[in-house]
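Got the viewer open? Here is a short guided tour, with something to select at every stop.

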Amino acid sequence: MALESICGMDKVPFMRSFGSRTSRQTIEEIRLASSNMDNPLAIMAPPFENPRESVSKLSAVSEVQMDCDHGTTTVGFVYQGGIILCVDSRTTSGKFIGSQSLQKVVQVNQYMLGTMAGGAADCTYWDRALTRECRLHELRYKERLPVRSAARFICNVAAEYKGMGLCMGMMLAGWSPEGSSLVYVDSDGLRLHGKVFAVGSGASNALGILDTDYRLDLSDNEAYDLAFRAVYHATMRDIFSGGLVRLYHIDQDNWRNVANKDCQELHENYSGGGKNQQASDNCNI
């Protein structure tokens with residue numbers, strides 16, 4: 001016992017079994033890897049530099065091939081009756097369709113919505129983190145977090161994780177004390193305030209329709225029809241967009257899901273050769 005005391009082997013760490021020490025090390029690693037459970041802004045970075053470039057190199061020598069190509073179409077614009085958001089529901093991984101029913105409009109709270117384009121996991125995670133920040137702001141200051149401030153939060157996150165493989169292209173839309181706001185933010189830290197946006201692989205096709213027919217004094221039915229037509233034409237020209245087209249209307253009081261229409265239904269409405277009818281006819285207004 002005297003020799004053990006001199007060598008320090010009577011201390012608790014030396015008396016633990018190897019299995020016990022391994023378990024404690026594993027628990028510590030799990031705690032570090034899940035640190036975002038306590039602080040959603042603290043995420044473990046990939047264990048290599050420049051993830052965006054390194055993933056391609058690693059997949060080239062790995063048996064598991066990772067194809068991170070993706071596509072979508074999301075549309076948003078401001079008009080006299082509020083803000084319109086219209087999105088498709090298809091998710092892809094390279095040439096494969098992963099889902100036809102993804103919800104790409106995220107409810108941040110009762111007065112703010114966000115759209116997703118890019119990496120679904122990135123967008124979903126940071127939309128949830130934004131929801132937390134909005135709620136904490138309301139509890140602390142007894143007022144809504146302005147949409148501009150919410151966009152600045154996402155922009156700061158993107159700047160912090162720039163170069164680490166984050167892939168997002170979001171629109172944040174809602175009603176703040178200063179009025180209606182529509183803001184675009186992406187993973188490069190870009191933040192734009194505007195009246196009309198289209199994001200995703202089908203954005204150029206959707207913008208062709210929006211640039212032609214958009215005006216600020218649209219009626220509700222005209223705005224619904226314009227949004228449906230923009231996303232429909234994008235799905236017809238962009239193979240990465242499709243599925244169900246969801247339309248949301250945000251006004252000063254709240255937001256609501258106006259209608260959900262399948263691309264095939266929109267195709268029948270808009271490609272009838274003289275038999276076209278407005279997609280908004282069947283909307284629940």
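The stops below cover two helix pairs and some aromatic rings. Keep in mind that this is a predicted model.

**Stop one: α5 and α6.** Select residues 120-141 for helix α5 and residues 147-160 for helix α6. Their axes sit 11 Å apart and meet at an angle of about 130 degrees, which makes α5 oblique to α6. Look at the handedness too: this crossing is right-handed. Now show side chains. On α5, the contact is made by W126, A129, L130 and E133; on α6, pick A150, F153, I154 and V157. Colour the contact by class and you get 7 nonpolar residues, 1 charged and no polar ones.

**Stop two: α7 and α8.** Next, select residues 203-213, which are helix α7, and residues 220-237, which are helix α8. Here the axes come within 7 Å and cross at roughly 150 degrees. Angles over 145 degrees count as roughly antiparallel, so that is how α7 and α8 lie to each other. α7 passes α8 in a right-handed crossing. To see who touches whom, light up N205, A206, I209, L210 and D213 in α7, then L226, R229, A230, H233, A234 and R237 in α8. By class, the residues of this contact split into 6 nonpolar, 2 polar and 3 charged.

**Stop three: the rings.** Finally, clear the helices and select F77, Y79 and Y214. What links these residues? Ring pairs join F77, Y79 and Y214 into a cluster. Across the structure there are 7 aromatic pairs to hunt for.

Technical notes:
Residues are numbered from 1 along each chain as its sequence is written. This is a predicted model: local features need pLDDT of at least 70, side-chain atom pairs count only at pLDDT 80 or more; totals for chains, interfaces and linings use all residues. Side-chain values use heavy atoms; hydrogens and water are left out. Axes are lines fitted to C-alpha atoms, for helices over the stretch in contact, and angles run from 0 to 180 degrees between N-to-C directions. Helices (H or I, at least four residues) and strands (E, at least two) are DSSP runs, numbered from the N terminus. Angles under 35 degrees count as roughly parallel, over 145 as roughly antiparallel, 65 to 115 as roughly perpendicular and the rest as oblique. A crossing is left-handed if the near helix is turned anticlockwise from the far one by less than a right angle, and right-handed if clockwise. Contact means heavy atoms within 4.5 Å. Ala, Val, Leu, Ile, Met, Phe, Trp, Tyr, Cys and Pro count as nonpolar, Asp, Glu, Lys and Arg as charged, and the others, Gly among them, as polar. Rings of Phe, Tyr and Trp (its six-membered ring) pair if their centres lie within 6.5 Å; planes under 30 degrees apart count as stacked, over 60 as edge-to-face and the rest as tilted.
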